[in-house]
Amino acid sequence: MLYGRSAEIGALDEVIARARDGSGGAAVLRGEAGAGKTALLDAATARGGSMRVLRTTGVEPESDLAFAALHQVLRPVTGSLDALPEPQCDAVRAALGLAAGGDGDRYLLGAGVLSLLAEAAAPDGLICVVDDFQWVDPASADALLFAARRLGTERIAMLFAVRGDAPVKGVPLTVDVPGLPGAVAVEMLESRHGVPPGVAQEIVTLTRANPLALGEIAARLTPAQLAGREPLPDPLPGGARLFGEQVAALSAAARLLALVAAVAADLGLVLRATDHLITDRTGAGAGAGAGPGRMALAELEESGLAGLSGTRVHFRHPLVRSAVHEAATPADVRRVHAVLAELTEGDSRAWHLAGAAMGQDERVAAELVAAAERARDRGGYGAAATALARAAELTPEPRARAARLKDAAVAAWLGGRPGQAESLLAEARDLAEARDQAGGDADLAMRIAQLRGRFELNSGNAAEAVRILAAGDSLDMLADAAEAASYVGDTAALVELGRRAAAHPEGFLRDTVAGIGLVLDGDEAGPGLLRRALARVGELRHASEYLWATAAASWLGESDVATEMVDRAGRVARVSGMTGQLPVVLEFVATAERIAGRLANSRAVSEEGLELAREAGYRNTMAAHLANLAVLAALRGDEEDCARQAREALAIAVPHRVGLRAGVAGYASAMLDLCLGRHAAAHDRFTAIAAAGPGAGHPTVVWRMAPDRVEAAVGAGEDAAARAALEAYERWSAHAATPESHALLARCRGLVASSEASSEAASEEAFGEALRLHTNPFEAARTALLLGERLRRAQRPGEARAPLRTAWETFERAGARPWARRAQGELRAAGESGQAPPAAVLDALTPQELRIAGLVADGLSSKQIAAQLFLSPRTVEYHLYKIYPKLGIGSRTELARLVVLQKAPVAEADML
């Protein structure tokens, strides 16, 4: 029976009930040692009915062993691995040691864990319990939390119990487990231990009603103390001291076995090590009877301090382990580790050698480096960082120590621990710089500097990243510096970096960096270099290379080519196993989808990217996705979301000097004004963005917003400003060769001409040219609206209706409500009331469903879709189950046909 925990049980019951009904979720139980978290987990799982239960408990001695906890929780369900998508299956097999190798992609591994749990949840649901989470190894913790944040439609409840303030990243529901209510604690002491109310109240006050302390102390009081005739012990034992006397009462052999069990939980290993230690101590063999280890184990079990759970020695409470450690000397602990190292291999041996080490030891450090490499290959970057950091401590040679600290920083960064990464890198930097000043290794110092710059670019001050990276002379560092400068919007730095890059041998990256610098410097050779770089696109293999191709196309003014390059980058990043790259790549994918008019897709990608960036700690990438979501909210006319997301993006981008994202966030507010017809306000905002310097604005944003700026200026009656913006846009687009870039330029000319009464014919001609050239249906609809408005106001309503009707229908399908209302109002004023346009067949789908439908049309199976979107196959099937009735179809073939039809050129509505 649990006393006084009805509220906590009720909260857990709700999580479990929702999961049983198909709405998965997670909760964290948080409280001090002895608060009763394990008892609550036991009670909650017992109330789960027919739901399956998988359970693991963090064990302090195994907290450095990669995937130790994950192996424990998933071992009962490994028979279902074949149901997973192949990339996810391979990642999980590698993590659990069931297959060699692995590509080190922690996103695939996390998705694989989710998929395996989803398989285990059939048919009645699943409760996954993780107790003592503070001691779960980092690799297991990352994978389990990745799954916990994506339970959505899965019939899974994940319950984590954690001591103190140890972080449980991304699980929103926390159930605090404090001491018991005073009256309840007194009642428990009376009913269970016969403690009189007065004494019980004193114990409750002194223990803060901690359930473990209440029971342990009450059981040890003398009859006179229970009766209140003698005072209670002062001080009352607490923490590990609760079990200190019981540990001290054990025989030397039993205490030794307890110490071995506190360091290694496996029963067979504990017995062998204990036998070895006792034999070494006494010089006598085990004889014909039971070994000394078994006799010591029997004594330990009889004491009630520990017992057996399967093939593991299980302490009655983690505080018993703490008491055992407190009773041992450092020499005792080192000797236990040394014997265990002789009896184990692989990662366990490496960590036991480290535990036995006295001072620096290269041999032990090398073993830890090998353990880190194994963890990294399986996606256990957090475990790899821990192992490499410990290896660095044990490394006697300063250069090797600095290199290992650098590698530890990289692993921590890829494991989503930027704070740890920066601390490790700072330590590596201090070592490397000291050696460099003494005539040591300048190359290592430069590689560490490059990492510092990359870390700053992802999560810190982008201008500082430029400064750090520009100190290098290698093409890679110059390119990284140029990338950082492009985020800041520092044109002068880009020009200088391009000049320095030009000194390197010809090649794709050199031509791109040098070409961008020349274009910004007004050198006629720049566009030629960028086109030469784009001619090499067929040679590209990596997502980062496609992003540079995107930059080349953008600086040429060809946003449609840039969109194509970004699309390739996104597809490569999803299947390449390049952990850490995907959230950044998705910044550009989401932006490209928006610019192409695929607004629902853009929103889905940014929401995914924002989640991944938060998990990875990539603050500047978070700003990018928030800014893009703000623009999308503006296009929907959602003022509240637009303002909130723009504000959140600016709160990161401005202090971090990320001018590109600050500019986009400002653009969102300006677009909201433009969408709602507030031309003067929009014009003021666009003007401010154009005037913003590096770190607060960006030339690319200024170029891309030029058509919107011209429209706002014309609408506000600022004709001179409109002409100036057009002239700047013409200069920028001088080397653009694609139809869409020419269409946007024609629309701008039509707008400026429309503001001049004598140029009405020229205006219509320019709008007509734009409509003939547009390849982006959303931009075509905007041009059609502008043309229709001018025709209607020129008293030519018959000619106005067709473009206005097209614009209205397109905006409705896109969900661009302000423009749809504007087009509808103009159409009514032109004499056509009309019915609302019929919804496009796929408009009923959510952004996630739309993405799944598109991948089905591409011929991907549910497993393949799950692998790309980091979902479980069951989640994909769930979405398809929802899609079919929405569309009135019953098969993948029909769904693929609908998607293909909507992509047909005659409709072009799929672009929205």
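Let's start with helix α39, residues 739-754. At 1.5 Å a residue, its 16 residues should span 22 Å, and the end C-alpha atoms are 22 Å apart, which agrees. Keep in mind that this is a predicted model.

Where does α39 sit? Of its 16 residues, 12 are buried, so the helix is largely enclosed by the rest of the structure. The buried set includes Glu 740, Ser 741 and Arg 747. It also includes Leu 744, Leu 745, Leu 751 and Val 752. What do the buried residues of α39 pack against? Five helices: α29 (559-575), α37 (706-715), α38 (719-732), α40 (760-773) and α41 (777-793).

Next, the cores. The largest nonpolar core has 217 residues. Leu 74, Met 158, Phe 160 and Phe 811 have the most contacts inside it. Take Met 158. Leaving aside neighbours within four places in sequence, Met 158 is in contact with Gly 25, Ala 26 and Ala 27. Its other contacts on that count are Leu 117, Cys 128, Leu 144, Ala 147, Ala 148 and Leu 151. Apart from the largest core lies another, of 60 residues. Val 184, Val 199, Ala 273 and Ile 278 are among its members.

Now the aromatics. How many aromatic pairs does a search of the whole structure find? The search gives 12. I'll show two of them.

One is Tyr 107 with Phe 870. The ring centres are 5.8 Å apart and the planes are at 55°, so this pair is tilted. Tyr 107 lies in helix α5 (residues 106-120), while Phe 870 is in the loop between α45 (862-869) and α46 (873-887), so the pair ties together parts 763 residues apart in sequence. Are these two residues buried or exposed? Tyr 107 counts as buried, at 1% relative accessibility. Phe 870 is buried too, with a relative accessible area of 3%.

The other is Trp 413 with Phe 455. Here the centres are 4.2 Å apart and the planes are at 10°, so the pair is stacked. Trp 413 belongs to helix α20 (residues 398-414) and Phe 455 to helix α22 (residues 442-459), so this pair ties together parts 42 residues apart in sequence. Trp 413 is buried, with a relative accessible area of 6%. Phe 455 is at 5% relative accessibility and counts as buried.

Back to Tyr 107 for a moment. Ring pairs link Tyr 107, Phe 146 and Phe 870 into a cluster. Phe 146 also has a charge over its ring: the charged end of Arg 150 sits 3.6 Å from the ring centre. Elsewhere, Arg 661 lies over the face of Phe 588, at 5.4 Å from the ring centre.

A quick look at a hairpin. Strand β6 (residues 306-309) pairs with strand β7 (residues 312-315) in the antiparallel sense, over four bridges. Leu 308 has Val 313 in β7 as its bridge partner. Two residues lie between the strands, and Gly 310 takes a positive phi near 70° in this hairpin.

Last stop, Leu 497. This residue lies in helix α25 (residues 491-501). Leu 497 is buried, with a relative accessible area of 3%. Which residues does Leu 497 touch, not counting those up to four places away in sequence? They are Ala 470, Leu 478, Ala 481, Ala 482, Ala 485 and Val 513. One distance to finish: Leu 497 and Gly 522 are 25 residues apart in sequence and 15 Å apart in space, C-alpha to C-alpha.

Notes
Residues are numbered from 1 along each chain as its sequence is written. This is a predicted model: local features need pLDDT of at least 70, side-chain atom pairs count only at pLDDT 80 or more; totals for chains, interfaces and linings use all residues. Side-chain values use heavy atoms; hydrogens and water are left out. A nonpolar core is a set of buried Ala, Val, Leu, Ile, Met, Phe, Trp, Tyr and Cys residues joined through side-chain atoms within 4.5 Å. Buried means under 20% relative accessible area, exposed over 50%, partly exposed in between (1.4 Å probe, protein chains only). Contact means heavy atoms within 4.5 Å. The expected span of a helix is 1.5 Å times one less than its number of residues. Rings of Phe, Tyr and Trp (its six-membered ring) pair if their centres lie within 6.5 Å; planes under 30 degrees apart count as stacked, over 60 as edge-to-face and the rest as tilted. A charge sits over a ring if NZ of Lys or CZ of Arg is within 6 Å of the ring centre and within 35 degrees of the ring normal. Two strands pair if DSSP finds at least two bridges between them.
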